[in-house]
Amino acid sequence: MNTRLTFICDEPGMRLDRFLGKQPEIASRSAAQRLIQEGAVQQNGAPQPDASRRLQLQDEIVVELPEPEELQVLPEAGDLEVLHEDAALIVVNKPAGMVTHPAPGHASGTLVNYLLHHCQDLTGVGGYLRPGIVHRIDKDTSGILVVAKNDLAHQSLSEQFRAHSVKRQYQAIVWGRFADDQGVVDAPLGRHPVRRKEVAVQERGRRAVTHWRVTERFSQLTRLACRLETGRTHQIRVHLTHLGHPLLGDPQYGRSPLNRLSGLSPRLRQALADFPRQALHAELLGFRHPVSGKPMTFKTRLPEDLQALLELLRKEAPAPLS
């Protein structure tokens with residue numbers, strides 16, 4: 001049986017899809033757009049197919065929410081490092097190389113495939129029986145992700161991310177040395193004007209702020225702790241490149257300066273050249289539980305590949321004495 005929801009507009013001039021996306025019962029603006037396209041939304045008693053329709057004060061909006069459907073993604077057994085799980089959410093430590101959700105070229109072996117197999121208490125997110133991906137980590141970035149199990153948890157966590165109240169800290173190894181011990185990058189980000197799959201600093205982009213702090217220095221590289229104030233796509237990768245200190249191993253934004261460096265041992269040079277991914281790990285995540293409101297913080301150790309690299313750097317590339 002469908003669920004019938006009624007809303008009265010108290011924000012005149014707002015787009016229909018945005019108004020619905022702000023309601024706790026609707027998972028997101030994209031979910032609202034899908035409902036509008038499917039003919040499930042009425043405005044003042046008449047079907048409203050236009051997501052961009054500007055609402056008037058006291059407009060009545062009725063939404064027919066369908067029963068959750070089975071998502072056409074197959075559950076798969078796979079290794080998951082679960083840091084916490086309850087009826088509302090699950091927190092996992094994603095390894096590098098794992099895609100978060102299915103996409104062209106990655107129809108299986110993703111975190112969502114594994115979660116569908118692991119979680120037996122999903123009640124539906126956005127009209128589908130699926131885990132609710134609240135935020136994402138790039139395929140070749142490792143670290144902590146929180147995933148919602150129901151619409152209520154998804155809405156609460158999404159709102160916390162939108163309000164920038166979620167604590168997120170990453171560990172990174174970057175090329176070059178920093179004169180300062182800490183700093184802030186406040187540079188707006190948008191799609192690259194030519195390479196559409198990339199992000200770039202754009203004057204008219206969305207505000208993006210990254211706080212960085214040096215945690216370890218080496219002769220040609222630096223280890224940083226990066227705290228996100230905002231969470232844009234590829235934010236840390238682009239911001240550090242913008243500073244002139246791209247991530248080690250980043251094939252998209254971080255051109256390797258190895259051919260211009262001298263004084264590196266053959267062993268270290270080879271290890272740096274062969275490092276298979278961007279040296280970035282989401283080590284800390286803090287938020288309020290969507291049901292209890294209790295503050296929750298999770299922190300993980302660096303994965304083995306980054307630990308091994310740091311040990312080699314400490315041994316063969318110590319920071320020069322100042």
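Buried, in these notes, means under 20% relative accessible area. The model I have open is a predicted one, so every entry below is a reading of that prediction.

**Entry 1: helix H4**

I began with H4 and asked which of its residues are buried. My list reads Ala153, His154, Gln155, Leu157, Ser158, Gln160 and Phe161. Next I looked up what these buried residues pack against: helix H1 (16-21), E7, strand E9 (132-133), E10, E11 and strand E17 (280-288).

I also checked the length of H4. With 12 residues at 1.5 Å a residue, H4 should span 16 Å, and its end C-alpha atoms are indeed 16 Å apart, so the two values agree.

Then I went to the ends. Which residue caps the N-terminal end of H4? I found Asn150 there, with a side-chain oxygen 3.2 Å from the backbone nitrogen of Leu152. Just after H4, I noted that His164 has a positive phi of about 60°.

**Entry 2: strand E7 and its partners**

E7 turned up among the packing partners of H4, and I followed it up. This strand covers residues 89-94, and six of its six residues are buried. I looked at each face in turn. Leu89, Val91 and Asn93 lie on one side, Ile90, Val92 and Lys94 lie on the other, and all are buried.

Which way does E6 run relative to E7, parallel or antiparallel? The two are antiparallel, and three bridges join them, E6 being residues 82-85. I could place one facing pair here: Glu85 stands opposite Ile90 in E7. Together E6 and E7 make a hairpin, with three residues between them.

How many bridges join E7 to E10? I counted six from E7 to E10 (residues 142-148), again with an antiparallel run. In this pairing, Asn93 stands opposite Ile144 in E10.

**Entry 3: salt bridges**

Side chains of opposite charge can pair when their charged atoms come close. Searching the whole structure for such pairs gave me 16 salt bridges.

I stayed with Glu85, already noted opposite Ile90. Its side chain meets that of Lys149 in a salt bridge, 2.8 Å from N to O. Glu85 lies in strand E6 and Lys149 in the loop between E10 and helix H4 (151-162), so this pair ties together parts that are 64 residues apart in sequence. Are the two partners buried or exposed? I have Glu85 as partly exposed, with a relative accessible area of 33%, whereas Lys149 counts as buried at 2% relative accessibility.

Another salt bridge I looked up joins Glu216 and Arg223, with the closest N and O atoms 3.0 Å apart. Both Glu216 and Arg223 are buried.

I then turned to Glu316, which forms a salt bridge with Arg267; the closest N and O atoms are 3.3 Å apart. This pair links distant parts of the chain, with Glu316 in helix H7 (residues 304-316), Arg267 in helix H6 (residues 266-274) and their positions 49 residues apart. Glu316 counts as partly exposed because its relative accessibility is 23%. I also noted a network in which salt bridges with shared partners join Arg15, Asp17 and Arg29.

**Entry 4: aromatic pairs**

My count of aromatic pairs came to three. One of them is Phe178 with Trp212, a tilted pair at 4.7 Å centre to centre and 50° between the planes. Where do the two rings sit in the chain? Phe178 is in the loop between strand E11 (167-175) and strand E12 (182-186), while Trp212 is in strand E15 (residues 209-217), so I logged a link between distant parts of the chain, 34 residues apart. I checked the exposure of each: Phe178 counts as buried at 9% relative accessibility, and Trp212 counts as buried at 9%.

**Entry 5: an open sheet**

Last, I traced a sheet of four strands. The sheet is open, its order is E1-E4-E2-E3 and its pairing is antiparallel. Which strands stand at the edges? They are strand E1 (3-8) and strand E3 (46-47); each has a single partner strand, so one side of each is left without a neighbour in the sheet. I also looked at E2 (residues 41-43) and E4 (residues 60-65), which run antiparallel and are joined by three bridges. Here Gln43 stands opposite Ile61 in E4.

Key
Residues numbered from 1 in each chain as written. Predicted model: local features only at pLDDT ≥ 70, side-chain atom pairs only at ≥ 80, totals over all residues. Heavy atoms only, no water. Buried < 20%, exposed > 50% of the residue type's maximum accessible area, 1.4 Å probe, protein only. Pairing = 2+ DSSP bridges. Salt bridge = Lys/Arg side-chain N within 4 Å of Asp/Glu carboxyl O. Phe/Tyr/Trp six-rings, centres within 6.5 Å; stacked < 30°, edge-to-face > 60°. Expected span 1.5 Å × (residues − 1). Contact = heavy atoms within 4.5 Å. Polar contact = N/O pair within 3.5 Å; in protein donor to acceptor, adjacent residues only side chain to side chain.
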